[in-house]
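Let's walk through this structure together, one contact at a time. Have the sequence and the 3D view open side by side as you read.

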Amino acid sequence: KPTLFIAISKEEAKEKLTQFLSTYKDHLDKKLFEDQKEANTEKYIEVLLENLGWERLTDLERQHNVAKGRADYSVNLNGNPYFFVEVKKYSEDLNSHKKQAIDYAWQAGIKWVILTNLREIIVYNSQYKGSSEDILRLFLPIKIEELLDRFDDLWILSKPAAEENLIEKRAIVTSKVKIKEPITVLSSALITWRSKLTKEMK
């Protein structure tokens, strides 16, 4: 029998995130993140995604192949990639990995990609590849210790939010998504171009 998906509520997610932060701070105090390998960071990110309602076995696809490399994770909704996640070591500077993360998503035709090193989480729109940081980013980076304070932003990355496509709605409200031009506008531009070309050929 197929497994029935029971969506996590915001209250349940907050409880899980509280526990996650408690563990995170304890490990931080014990300096367990120093010189930690990328694979170890991924374990924490998987737990974080689970806390947001994603199923590790069915929704998280590791090492998703793209044209020129492999994305660390494809987070899948109904079997299809919804967003990518690129995970770096705790000590890594995310800015030096931004281009790679965006390129992976852009190559695969995936609009959203999350870049994280377990110190902060950044959400990029790959459709704006080559644009400035403030245009690429959906919102300011979320620092891990701010997960509860920035819960409304984080919740956009949850599975229940994905079911409602809240990330797209948020992007439209904040002008962080490219709106396709109406057919009439494109048709008008095509007619003008054709007319100009005809004149030049005479």
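Arginine 170 counts as partly exposed, because its relative accessibility is 25%, and the cut-off for buried is under 20%. Keep in mind that you are looking at a predicted model. The side chain of arginine 170 meets that of aspartate 153 in a salt bridge, at 2.8 Å from N to O. Arginine 170 belongs to helix α7 (residues 166-173) and aspartate 153 to helix α5 (residues 151-155), so this pair ties together parts that lie 17 residues apart in sequence. Aspartate 153, at 11% relative accessibility, counts as buried.

That pair has company: a search of the whole structure finds 16 salt bridges. Another one to look up joins the side chains of glutamate 42 and arginine 62, at 2.4 Å from N to O. Here a helix meets a strand: glutamate 42 lies in α2 and arginine 62 in β1, so parts that are 20 residues apart in sequence are tied together. How accessible are the two partners? Glutamate 42 is buried, with a relative accessible area of 5%, while arginine 62 is partly exposed, with 45%.

Now turn to arginine 56, which forms a salt bridge with glutamate 50, and the closest N and O atoms of this pair are 2.7 Å apart. Arginine 56 is partly exposed, with a relative accessible area of 32%, and glutamate 50 is partly exposed too, with 30%. Which residues do these bridges bring together? Glu42, Glu46, Glu50, Arg56 and Arg62 are linked in a network of salt bridges.

Next, the aromatic rings. The whole structure holds six aromatic pairs, according to the search. In one of them, the rings of tryptophan 54 and phenylalanine 83 have their centres 5.8 Å apart and their planes at 85°, so the pair is edge-to-face. The two residues come from distant parts of the chain, 29 residues apart: tryptophan 54 sits in the loop between α2 and β1 (60-66), and phenylalanine 83 sits in strand β3. Are these two residues buried or exposed? Tryptophan 54 counts as buried at 2% relative accessibility, and phenylalanine 83 counts as buried at 1%.

Elsewhere, Tyr24, Phe33, Tyr44 and Tyr90 form one aromatic cluster. Tyrosine 90 also has a charged neighbour, since arginine 119 lies over the face of its ring, at 5.6 Å from the ring centre. You can find a similar arrangement at tryptophan 106, where lysine 129 lies over the face, at 3.9 Å from the ring centre.Finally, look inside. The search of the whole structure finds one cavity of 30 Å³ or more, and the volume of the largest cavity is about 90 Å³. Phenylalanine 83 appears again here, as the lining consists of Ile45, Leu48, Leu49, Leu52, Phe83, Val85, Ile114, Thr116, Ile121, Leu154 and Leu157. The elements that give two or more residues to this lining are α2 (38-51), β3 (80-87) and β4 (112-116). Which element gives the largest share of the lining? Helix α2 does, with three residues. By class, the lining of the largest cavity has 10 nonpolar residues, one polar residue and no charged residues.

Notes. Residues numbered from 1 in each chain as written. Predicted model: local features only at pLDDT ≥ 70, side-chain atom pairs only at ≥ 80, totals over all residues. Heavy atoms only, no water. 1 Å grid on protein atoms, 1.4 Å probe; cavity = no way out; pocket = protein on both sides within 12 Å on 5 of 7 lines; lining within 4 Å. Points joined across faces, edges and corners; volume = space filled by probe spheres on them. Helix = DSSP H or I, 4+ residues; strand = E, 2+ residues; numbered from the N terminus. Nonpolar A, V, L, I, M, F, W, Y, C, P; charged D, E, K, R; others polar. Phe/Tyr/Trp six-rings, centres within 6.5 Å; stacked < 30°, edge-to-face > 60°. Buried < 20%, exposed > 50% of the residue type's maximum accessible area, 1.4 Å probe, protein only. Lys NZ or Arg CZ within 6 Å of the ring centre and 35° of its normal. Salt bridge = Lys/Arg side-chain N within 4 Å of Asp/Glu carboxyl O.
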